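Subject: The model we discussed, with notes

Dear colleague,

Here is the model I promised to pass on, and my reading of it follows below. Please keep it open while you go through the notes.

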Amino acid sequence: MKKTMPVEGKFELMALPYASDALEPVISANTLSFHHGKHLAAYVNNLNAALPGSGLEGKPLEEIVLDAQGGMLNNAGQILNHNLYFSQFRAPRAGNAPTGRLAQAIGEEFGSFEAFKEIFTKAGATLFGSGWAWLCADSDGNLKITQEPNAANPIQHGLRPLLTMDVWEHAYYLDYQNRRPDHLAALWQIIDWDVINDRYEK
Ligand code: MN
């Protein structure tokens, strides 16, 4: 997994790899402006403020997630989670599906892509409170779906994160209010499977 390094002692707010209205109507520009521009920006600012004197200065973000405690861990975990989340989308497309080795692994583990989507969406819908649903790979490339509370990331259990859905209310409340399952079902239209495939191959 690629390491995220601080620049001159500070982590930077990731740039979105698409226009702010590119994911509409699945995720509105309004939601993105708050989710990326306010929530993620606050996690970045909080971590940067906590770094001096912590002993974790200059370390990659992924190491901070494995070594930090308390508020530093929460902010670092949320930055890593959101960087993976916002990097995995592109404009909505019909018939959107994985290809190649990842498609084969999904078929072997879950029976079919349709069955996988159903199990994954359910993992997100049934996660109590705030957190993240993940598709991950173990060191042998076997796929697993996990539910992680709050700011947790699968790297904390030695798993490689591939795909994620944010089920914190700030991810969907402006567009979907209480309808979390509808939001999760719609996200399949904007997953960039080339990105997920790259994460699986590397
Ligand atoms: Mn979020």
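A crossing of two helices is called left-handed if the near helix is turned anticlockwise from the far one by less than a right angle, and right-handed if it is turned clockwise. Please bear in mind throughout that this is a predicted model.

The pair of helices H1 and H3

With that definition in hand, H1 passes H3 in a left-handed crossing. On the side of H1 the contact is made by Leu32, His35, His36, Leu40, Tyr43, Val44, Asn46, Leu47 and Ala50, and on the side of H3 by Met72, Asn75, Ala76, Gln78, Ile79, His82, Asn83, Tyr85 and Phe86. Two packed helices are described by the angle between their axes and the distance between the axes. For H1 and H3 the angle is about 140°, and the axes are 9 Å apart. That makes H1 oblique to H3, because an angle has to be over 145 degrees to count as roughly antiparallel.

How well does the length of H3 agree with what its 17 residues should span? At 1.5 Å a residue the expected span is 24 Å, and the C-alpha atoms at the ends of H3 are indeed 24 Å apart, so the two values agree. Of these 17 residues 13 are buried, and H3 is therefore largely enclosed by the rest of the structure.

Two residues of this pair may help you to find your way around the contact. Asn75, which lies in helix H3, is buried with a relative accessible area of 14%, and, leaving aside residues up to four places away in sequence, Asn75 touches Tyr43, Asn46 and Leu47. Leu32, which lies in helix H1, counts as buried at 3% relative accessibility. With residues up to four places away again left out, the contacts of Leu32 are Leu16, Tyr18, Ser20, Leu23, Ile27, Gly37 and Phe86. Although Leu32 and Tyr172 are 140 residues apart along the chain, their C-alpha atoms are separated by 9.7 Å.

The manganese ion

Which residues supply the protein donors of the manganese ion? They are His35, His82 and His170, each through NE2, together with Asp166 through OD, and they lie 2.0 to 2.2 Å from the ion. Written along the sequence, the spacing of these donor residues is H-x46-H-x83-D-x3-H. The pair His35 and His82 links distant parts of the chain, since His35 is in helix H1 (residues 29-50) and His82 is in helix H3 (residues 70-86), 47 residues apart. Both of these histidines are buried, His35 with a relative accessible area of 2% and His82 at 0% relative accessibility. His35 and His82 are also among the residues that make the contact between H1 and H3.

Helices H5 and H7

A second pair is formed by helix H5 (residues 113-125) and H7, which pack at an angle of about 145° with their axes 9 Å apart. Here the crossing is right-handed. The contact is made by Thr121, Gly124 and Ala125 of H5 and by Arg180, Pro181, Leu184 and Ala185 of H7.

Backbone points to check by eye

Most residues other than glycine have a negative phi, and most peptide bonds are trans. Where does the model depart from this?

- A cis peptide bond, with omega about 0°, joins Glu24 and Pro25, and Pro25 has its place in the segment before H1.
- Glu8 is not a glycine, yet its phi is positive at about 50°; Glu8 is also found in the segment before H1 and is exposed, with a relative accessible area of 80%.
- Gln177 has a positive phi near 50° as well, again in a residue other than glycine; Gln177 lies in the loop between helix H6 (173-176) and helix H7 (180-187) and is partly exposed, with a relative accessible area of 33%.

Finally, one residue of the segment before H1 is Lys10, which counts as partly exposed at 49% relative accessibility. The C-alpha atoms of Lys10 and Asn142, 132 residues apart along the chain, are separated by 35 Å.

With best wishes

Terms used: Residues numbered from 1 in each chain as written. Predicted model: local features only at pLDDT ≥ 70, side-chain atom pairs only at ≥ 80, totals over all residues. Heavy atoms only, no water. Donors = N, O, S within 2.8 Å, 3.2 Å for Na, K, Ca; no water. Helix = DSSP H or I, 4+ residues; strand = E, 2+ residues; numbered from the N terminus. Buried < 20%, exposed > 50% of the residue type's maximum accessible area, 1.4 Å probe, protein only. Expected span 1.5 Å × (residues − 1). Axes fitted to C-alpha atoms, helices over the stretch in contact; angles between N-to-C directions. Parallel < 35°, antiparallel > 145°, perpendicular 65-115°, else oblique. Contact = heavy atoms within 4.5 Å.
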